[in-house]
Amino acid sequence: MALTIEQPGLLTTVQDQGRIGYYHVGIPQGGAMDQESAQAANKLVGNTAAEAVLECTYTGPVLTVDAPTTIAVTGADVPVLVNGEEHPAWRRLELAAGDTLKFGVLRGGARFYLAVRGGIAVPEVLGSRSTYAIGRLGGLDGRKLEAGDVVPVGEPTGLLPEVEEIPERLRPAFSRSLELRIMWGLYDHLLTDEGRRRLVEEEWKLTPVADRMGLRFEGPGVEWIQRRQPFGAGSDPSNIVDAGYAVGSIQVPGGTQPIVLHRDAVSGGGYAMVGTVISADMDLLARAAPGTVTRFRAVSMDEALQARRERTERLEEIWAL
Amino acid sequence: MTETLYLPTARYTWGGDEFLFVEFDEAMNLTANYLATTVAQGLTALDLDGVVDVCPANASLLVRFDPDVIKAEDLKRRTQELEGQARESTQYTAETRIIEVPVWYQDPYTAEVVARFREGYHQDPSGTDLDYAAKVNGLADAAEFIRRHHESPWLVSMVGFVAGLPFMYQLVPRDRQLEVPKYLSPRTDTPPLTVGHGGCFACIYSVRGAGGYQMFGIAAAPIYDPEQHLHDFRDFLILFRPGDLVKFRPVDEAEYRSIQQQVEEGTWRYKQAPVTLDVEAALADPDSYNRTLLEALDGADD
């Protein structure tokens with residue numbers, strides 16, 4: 001069984017829960033940007049959390065199926081069209097052989113997920129099916145989908161769950177405003193007090209320069225302390241000796257536009273990171289559309305771990321449905 | 001300021017709830033890099049449950065952990081113990097290898113991209129990156145810069161940015177370090193295997209893509225082989241590891257084409273030899289130490 005891609009959409013890639021453990025050689029974790037939505041889609045079609053799905057960005061693909069196929073669409077709010085007729089998202093759908101699936105215009109959010117019963121069955125590379133396009137690794141031939149691609153689907157591994165849809169209370173909101181919790185740290189001491197204040201007290205707006213590697217915000221800018229730059233660090237006050245980049249870390253090249261690194265982040269570089277979005281809020285950031293008004297709120301490690309537990313409990317609740 | 005073996009205790013900080021960050025020095029130097037690499041190797045060897053990725057960098061270390069499995073403070077304590085052990089060692093040596101990397105300097109591929117990104121991108125739009133690099137280092141011309149670039153070996157001080165890209169620090173005293181600013185604004189294109197330079201670091205771009213380093217030439221053979229065709233990539237798709245030493249060897253177009261042919265046929269192998277990285281010797285008498293390294297490479301089979 002396979003999906004035939006008629007039109008690929010803007011950026012449609014095969015993603016699972018990621019390729020953890022190769023960041024030390026520059027290979028990012030990858031995986032679904034909004035992991036919670038991807039897992040919910042897998043739940044509905046009887047897959048495990050680890051199965052690969054298609055991540056669609058802003059505009060979705062047009063595809064046909066060659067056999068009866070069980071699917072679910074989750075994530076950003078998008079009309080799901082089967083042979084032109086709209087069907088609900090966050091709900092299991094049955095397609096017949098020859099059916100065409102396409103998507104309308106996004107009503108909110110940025111990325112949505114298509115899970116297929118049996119999972120997207122491209123080969124695993126370094127333990128994951130996620131696409132790392134820059135490294136031509138994983139996914140379908142190491143790249144985003146193109147028209148004419150035939151995407152293989154695996155054999156079902158489990159029974160379909162009784163539940164046919166994810167209840168409202170377990171679905172994320174797709175709002176035009178966002179609060180992201182961050183932890184200070186890394187090189188925050190290179191900011192002035194005023195620079196730190198602006199980051200967590202002013203509003204920032206997500207720009208269209210937002211992809212799987214990082215998301216760029218515009219706002220009042222930050223201020224750096226004046227210092228003699230250390231040897232090897234580069235001349236701008238936002239420069240450091242090239243170091244590893246935490247996933248979720250916030251860098252402000254030149255001091256104007258903060259960039260939050262996401263799951264396809266470059267693993268290191270020479271810009272000071274001044275804080276890090278906590279792990280529980282990385283999915284929230286993945287859902288944000290350009291223009292989203294964002295506030296960064298500083299929390300402690302204990303608060304970050306509490307938020308992480310709450311996210312885990314929410315995921316467990318989805319899987320217990 | 002000269003480099004010494006002594007550094008004050010490292011700075012420990014958190015990158016959110018999943019990353020521990022350890023800065024051995026704000027500035028680049030051999031000791032900080034040695035400590036980063038050594039503590040990283042120690043942590044990898046401990047194989048602690050919940051430690052999922054150990055990423056040594058030029059003068060710092062990033063550790064990814066799963067806070068559901070290992071407590072942040074426990075990881076910090078174990079890392080501090082390793083830092084203490086690394087500092088107590090009077091040896092500051094590591095067994096490693098030196099690899100010869102053939103480079104076609106002033107090649108047409110990077111030259112074409114250099115020419116495309118001038119106005120608004122580069123400090124000196126009228127010349128080439130090599131001319132500029134020579135000028136800011138007070139050297140006579142591009143040829144002298146190229147000679148300085150390949151005559152002394154480099155230490156792979158970090159692997160990353162993108163898959164398998166090595167950052168390299170030349171084993172020469174600070175007053176002989178080649179320093180060149182990055183582009184004013186990053187290019188959207190860099191040919192794969194471009195030999196680049198930013199700050200005091202050389203790099204080889206493993207894949208095509210964006211980049212801000214100055215461009216001097218092109219390496220003749222792959223350093224990243226996702227299909228693992230070549231012998232040097234049988235075990236892993238990435239050539240370089242932190243702690244490797246690199247000797248650039250200038251090649252002309254004919255030899256570049258010949259190496260490309262060998263890569264095509266699957267017969268290419270890097271010339272390399274086992275050596276000992278000795279930080280103290282490299283700091284005390286770099287010229288003599290570098291001669292030892294190059295003699296080891298000369299003795300290796302082609």
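This presentation walks through a predicted model with two chains, A and B, from its domains to single residues.

Good morning. I shall begin with how each chain is divided. Chain A consists of domain 1, residues 2–170, and domain 2, residues 177–320, according to an automatic or database domain assignment. Taken over C-alpha atoms, the centres of domain 1 and domain 2 of chain A are separated by 27 Å. Where these two domains of chain A meet, domain 1 gives 21 residues to the contact and domain 2 gives 17 residues. On the domain 1 side, helix α1 (35–44) and strand β10 (108–116) of chain A each supply at least two residues. The largest share of that side, five residues, belongs to α1(A). By character, the residues on this side of domain 1 of chain A are eight nonpolar, nine polar and four charged.

Chain B is also divided, into domain 1 (11–90) and domain 2 (95–298). The C-alpha centres of these two domains of chain B lie 27 Å apart. Their contact takes 10 residues from domain 1 of chain B and 12 residues from domain 2 of chain B. On the side of domain 1 of chain B that touches domain 2, α1 and β3 (51–56) each supply at least two residues, and α1(B) provides the largest share, five residues. That side of domain 1 of chain B holds six nonpolar residues, four polar residues and no charged ones.

Let me turn to the contact between the chains. How many residues does each chain bring to the contact? Chain A brings 41 residues and chain B brings 42 residues. On the chain A side, β15 (239–244), β18 (268–271), β19 and α4 (301–320) each supply at least two residues. The side of chain A that touches chain B comprises 21 nonpolar, 17 polar and three charged residues.

Next, the interior. In soluble globular proteins, nonpolar side chains tend to be buried together. The largest nonpolar core in this model has 179 residues, and the members that touch the most others are A41(A), V53(A), Y113(A), L114(A), A115(A), V103(B) and M168(B). Helix α1 of chain B, residues 30–46, contributes the largest share of this core, eight residues. Consider Y113(A): beyond its neighbours within four places in sequence, its contacts include A41(A), V53(A), L54(A) and V73(A).

V73(A) deserves a closer look. This residue lies in strand β5 of chain A, residues 69–77. Is V73(A) buried or exposed? V73(A) is buried, because 28 other C-beta atoms lie within 10 Å, and 20 or more are required. Leaving out residues up to four places away in sequence, V73(A) touches A41(A), V80(A), A89(A), F112(A), Y113(A) and L114(A).

For a second example in chain A, take D281(A), in the loop between β19 (273–277) and α3 (282–287). D281(A) counts as buried, since it has 24 C-beta neighbours inside 10 Å. With residues up to four places away in sequence set aside, D281(A) touches L180(A) and R181(A).

I now come to helix α2 of chain B, residues 72–88. Its 17 residues, at 1.5 Å a residue, should span 24 Å, and the end C-alpha atoms are 25 Å apart, which agrees. Which residues of α2(B) are buried? They are T79(B), L82(B), E83(B) and A86(B). These four cover an arc of only 105 degrees around the axis, and therefore sit on the same side of α2(B). An α-helix has 3.6 residues a turn, so residues three or four places apart point the same way. The buried residues of α2(B) pack against β2 (19–23), α1 and β4 (60–65) of chain B. The face turned away from that buried side carries the exposed residues E73(B), D74(B), R77(B), G84(B), Q85(B) and E88(B).

Finally, two backbone details. Most residues other than glycine have a negative phi. L193(B), however, has a positive phi near 75 degrees. This residue is placed in the loop between β7 (166–170) and β8 (194–198) of chain B, and L193(B) counts as buried because it has 24 C-beta neighbours inside 10 Å. Q228(B) also has a positive phi, near 55 degrees. Q228(B) is found in the loop between β10 (214–219) and β11 (245–250) of chain B. With 12 other C-beta atoms within 10 Å, Q228(B) is exposed, as the limit for that class is 12 or fewer.

Thank you for your attention.

Methods
Residues are numbered from 1 along each chain as its sequence is written. Chains are lettered from A and ligands numbered from 1 in the order in which they are written. This is a predicted model: local features need pLDDT of at least 70, side-chain atom pairs count only at pLDDT 80 or more; totals for chains, interfaces and linings use all residues. A nonpolar core is a set of buried Ala, Val, Leu, Ile, Met, Phe, Trp, Tyr and Cys residues joined through C-beta atoms within 7 Å. Two residues are in contact if their C-beta atoms, placed from the backbone, lie within 7 Å. Ala, Val, Leu, Ile, Met, Phe, Trp, Tyr, Cys and Pro count as nonpolar, Asp, Glu, Lys and Arg as charged, and the others, Gly among them, as polar. The expected span of a helix is 1.5 Å times one less than its number of residues. The arc is that of the directions from the helix axis to the C-beta atoms.
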